[in-house]
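Here are a few exercises to work through at your own pace. Keep the sequence and the 3D view open, and try each task before reading its solution.

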Amino acid sequence: MNSTARDVKRIDKVSLESFSAALLVAGSFRPEDARKTAELLVWANLRGAESHGVLRIPRYIEMAGHGAINTTAQPVFTRTFGAIATLDADRAPGAVGMQKAIDKAVELAGTHGIGLCSAIRITHAGAIGYFAEKIAERGMIGIAMTASKPLMIYHGARVEGVSTNPLAIAAPTRGRPLILDMSTAAVALGKIMAAKDAGGSIPADWGVDAAGNATTDPSKVSAVLPMSGPKGSGLSLMIEVLSSVLGGNPLISVALGEKRDAGFNGLVIAINPGVIGNQEHFIDEVEQLARAIKALPPAAGVDDVLLPGERGFAIADARRETGIPLSAGTIKRLAAEAQKYHLDVPSVLT
């Protein structure tokens, strides 16, 4: 049965961040790590990416409980050479490891014009557009990607061969940056989780069941399908090369060969436009490009031509006014975690 408006409750951003951080602290996250993780998750909810939002909290706490997330991690830079650095995140929460990586990449870009940080042994890093945006807010072009174990069918194969590895690119403007944030799958796995939470069905081209057949039941999905067939699986494979093999922590070959989960990896690149040309001129040209695209005549049935990230910003503006909606399934799971740790659930969710 599909979720109805009565199943959805709304909560303001500050309250949801506070509640989320409290849950994570109760689940053994250090307070500052919990704050960073909550901010990342609520950023996704605010922009309409429920699949990467607070519905992930029970799973994060579960991962911390059995050591998949190391809540006492001490990330260290194991190598720095010119504009390149390698971070061993020690299985820190994904938001923590990736934040450390973007800070380093931006620092290196300030010195060398470009900074690349390979972040190995991170954990699930959520909506990586968040990290690319953080770089763009500092006046630089931000590129972020992450890699994980096989979750997606490799085009032409019957079984999982690659992951849903996401890619994000953000370009600065004087206002809101342009942000491309995409999965290499036909859909992010979290959207299937969200559909399950909401009690809904999914399109038949999102995933397959254990027998390799298309399914509309989110609870039966065994693996997701790649975006645009060979393009999606090929891009995912190359993100594995850049994020995992290059950093010395291969995931896919280990998972397919030794049948072992080697965790998650990330890669962050910051590019300083000011060392290539004039910073202000670059931003002028990005804004001119954005205006030119916005001025294109809309196709039939389309009200407005949208730029990368524009839809998310519009949703965020609305949700700051009306509150962030959470489905009944998500509220139920968060409330169960709160009860486990004797925490109060915000009254608007009860």
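The exercises below deal with a predicted model, and each one comes with a worked solution.

**Exercise 1. Find which residues of α7 are buried, and work out how they are placed around the helix axis.**

Solution. Start by locating the helix: α7 covers residues 230-245. Next, pick out the residues with under 20% relative accessible area. In α7 these are Gly232, Ser233, Ser236, Ile239, Glu240, Ser243 and Ser244. They cover an arc of only 120° around the axis, so they lie on the same side of α7. Now turn to Leu237, which is in α7 too. Its relative accessible area is 32%, so Leu237 is partly exposed. Finally, look for its partners on the surface: Leu237 forms a nonpolar patch with Tyr154, Met238, Val241 and Val245, and together they have about 390 Å² of accessible area.

**Exercise 2. Decide whether Ser51 is buried or exposed, and list what it touches beyond its sequence neighbours.**

Solution. First place the residue: Ser51 sits in the loop that runs between α2 (31-46) and α3 (57-65). Then check its relative accessible area, which is 4%, so Ser51 is buried. Last, set aside the neighbours within four places in sequence; Ser51 is then in contact with Arg56, Ala188, Gly190, Lys191 and Ala194.

**Exercise 3. Compare the span of α11 with the expected value, and find what its buried residues pack against.**

Solution. Count the residues: α11 (residues 328-340) has 13. From first C-alpha to last, α11 reaches 18 Å, close to the 18 Å expected at 1.5 Å a residue. Its buried residues are Gly329, Thr330, Ile331, Leu334, Glu337 and Ala338. They pack against β1 (9-11), α1 (13-26), α3, α6 (189-198) and β13 (324-326). After the helix comes His342, with a positive phi near 60°.

**Exercise 4. Work out which parts of the chain the salt bridge between Lys134 and Glu39 ties together.**

Solution. Begin with the principle: side chains of opposite charge can pair when their charged atoms come close. For Lys134 and Glu39, the N to O distance is 3.6 Å, and a salt bridge requires one within 4 Å. Lys134 belongs to helix α5 (residues 129-136) and Glu39 to helix α2, so the pair ties together parts 95 residues apart in sequence. Both ends are partly exposed: Lys134 at 23% relative accessibility and Glu39 at 25%.

For a second pair, take Glu258 and Arg260, whose side chains meet in a salt bridge at 3.1 Å, N to O. Salt bridges with shared partners also join Glu32, Arg35, Glu39 and Lys134 into one network.

Notes. Residues numbered from 1 in each chain as written. Predicted model: local features only at pLDDT ≥ 70, side-chain atom pairs only at ≥ 80, totals over all residues. Heavy atoms only, no water. Patch = residues over 30% accessible without salt bridge, like charges linked within 9 Å, V, L, I, M, F, W, Y side chains within 5 Å. Areas by Shrake-Rupley, 256 points an atom, 1.4 Å probe, with all protein chains shown as cover. Helix = DSSP H or I, 4+ residues; strand = E, 2+ residues; numbered from the N terminus. Buried < 20%, exposed > 50% of the residue type's maximum accessible area, 1.4 Å probe, protein only. Arc of directions from axis to C-beta. Contact = heavy atoms within 4.5 Å. Expected span 1.5 Å × (residues − 1).
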